[in-house]
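I opened my notebook beside this one and jotted things down as I looked them up. Here are the entries, for anyone who likes to follow along.

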Amino acid sequence: MTSASAPPVTRSPGEEFAAAYAADPAGAEVRFDFTITDAFQPTKERPRVTVRNLFRKRSVGMDPVRFWCEGRPDATEAAAVRESDLRREAAFRFGMAEAGVHPIRAWVQIPEELAKDPEGLAVFVDYRLLVRLATAENQALTIGEHGLLRHPEIAKLPYRHDWLTGLLAACDEIEQTGATPHAMIVNPRDYYTHLLGRNGLLEDLARNGVQISRTRMVAPGEAVVGDFAMAARLLDAGRSAIRIAVPPPGTFATDGPAVCAEIHEGLAIHLPTHFFHVVPA
């Protein structure tokens, strides 16, 4: 359809799909050479940082990519490095790793009355399917099979007192590696219980340049804190599709025409040492 460097999209993804559906209800499919969760954000008038927005983006193809990485040393290796007690990153192991993009999908069913209403169908796709796709993207990048918290070297940081103590302890741990706690992922319950309206804490974090993504994909009482800008890259294949398809079992409780939206993304985690998973002790 267009690319990120081309002129602005003249029709929304929903409008493109509605036109294709009117022409072929049984086999409608629209492909895009950009990532629709990035290029079209139906909730931009009420901004909310998604997980993808915490990372810097690297455009890639569909094949895996190799990249440099660093990891934590064992106690013997750390003791062998001069001043590693002062600069713990001096003892980090250097290496290479591999990662690639994977499909991320979301589904909706078309209400019968919308099947012959192109304008209504377009709005439904833009404001329901794409919102569900953004949620699926949050899940994939956080706790999905290839998500951030599936990386074996991202350390858990247990806290014994309150959640906020654990959150700020993670910020300190990141700075003790010579990095910056650039962002955090928190559950909305903790955001509204412990951060919003709590003695200006949100303003303090904003002054420090900390971005906050609220998502249910991190459990209440937990958080992910990290130097997202430096420690990882979002691998973006720049391709998307919206199509009529048969959903996997368990997607819906009833039968009916279903629409799938799909993007292809992954994570290259260069510095797992710069992330902490805050959890209750």
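**Serine 213.** I started with a polar contact: the side chain of serine 213 reaches the backbone oxygen of valine 49 at 3.0 Å. A caution for myself: this is a predicted model. I placed serine 213 in strand S8, residues 211-214. Buried or exposed, I wondered, is serine 213? Its relative accessibility is 0%, so I noted serine 213 as buried. I then listed what serine 213 touches beyond four places in sequence: Val49, Thr50 and Val51, then Leu54, and also Met184, Ile185 and Val186.

**Methionine 62.** Next I went to a loop, the one between strand S2 (56-59) and strand S3 (65-71), where methionine 62 sits. Methionine 62 has 35% relative accessibility and therefore counts as partly exposed; the cut-offs that matter here are under 20% for buried and over 50% for exposed. Which residues is methionine 62 in contact with, once neighbours within four places in sequence are left aside? I found Val101, Ala237, Arg239 and His264. For valine 101 I also checked the backbone: its C-alpha atom is 6.3 Å from that of methionine 62, although the two are 39 residues apart along the chain.

**Helix H4.** I wanted to check the span of helix H4, residues 118-142. With 25 residues at 1.5 Å a residue, H4 should span 36 Å, and its end C-alpha atoms are 35 Å apart, so the two values agree. I did note a kink in H4 of about 30 degrees, centred on valine 125.

**The cores.** The largest nonpolar core has 26 residues. Among those with the most contacts inside this core I wrote down Phe17, Ile36, Leu121, Leu129 and Leu133. Which element gives the most to this core? H4 does, with 8 residues. Helix H1 (13-23), strand S1 (29-32), strand S5 (102-109) and strand S11 (258-269), like H4, each supply at least two. I paused on leucine 133, which touches Ile36, Thr37, Ile104, Arg105, Ala106, Ala261 and Ile263, not counting residues up to four places away in sequence. A second, separate core has 21 residues, including Tyr159, Cys171, Ile174 and Val225. A reminder for the margin: in soluble globular proteins, nonpolar side chains tend to be buried together.

**The record.** Last, I looked at UniProt, where an unreviewed entry lists residues 47-148 as "domain: Phage capsid-like C-terminal". Over residues 47-148 I read 30% helix and 25% strand, with the end C-alpha atoms 23 Å apart.

Conventions: Residues are numbered from 1 along each chain as its sequence is written. This is a predicted model: local features need pLDDT of at least 70, side-chain atom pairs count only at pLDDT 80 or more; totals for chains, interfaces and linings use all residues. Side-chain values use heavy atoms; hydrogens and water are left out. Helices (H or I, at least four residues) and strands (E, at least two) are DSSP runs, numbered from the N terminus. Buried means under 20% relative accessible area, exposed over 50%, partly exposed in between (1.4 Å probe, protein chains only). A polar contact is a pair of N or O atoms within 3.5 Å; within protein, one must be able to donate a hydrogen and the other to accept it, and residues adjacent in sequence count only if both atoms are side-chain atoms. Contact means heavy atoms within 4.5 Å. The expected span of a helix is 1.5 Å times one less than its number of residues. The bend at a residue is the angle between axes fitted to the seven residues ending there and the seven starting there. A nonpolar core is a set of buried Ala, Val, Leu, Ile, Met, Phe, Trp, Tyr and Cys residues joined through side-chain atoms within 4.5 Å. UniProt positions are given in the numbering used here, feature names are shortened, and annotations may be inferred rather than shown by experiment.
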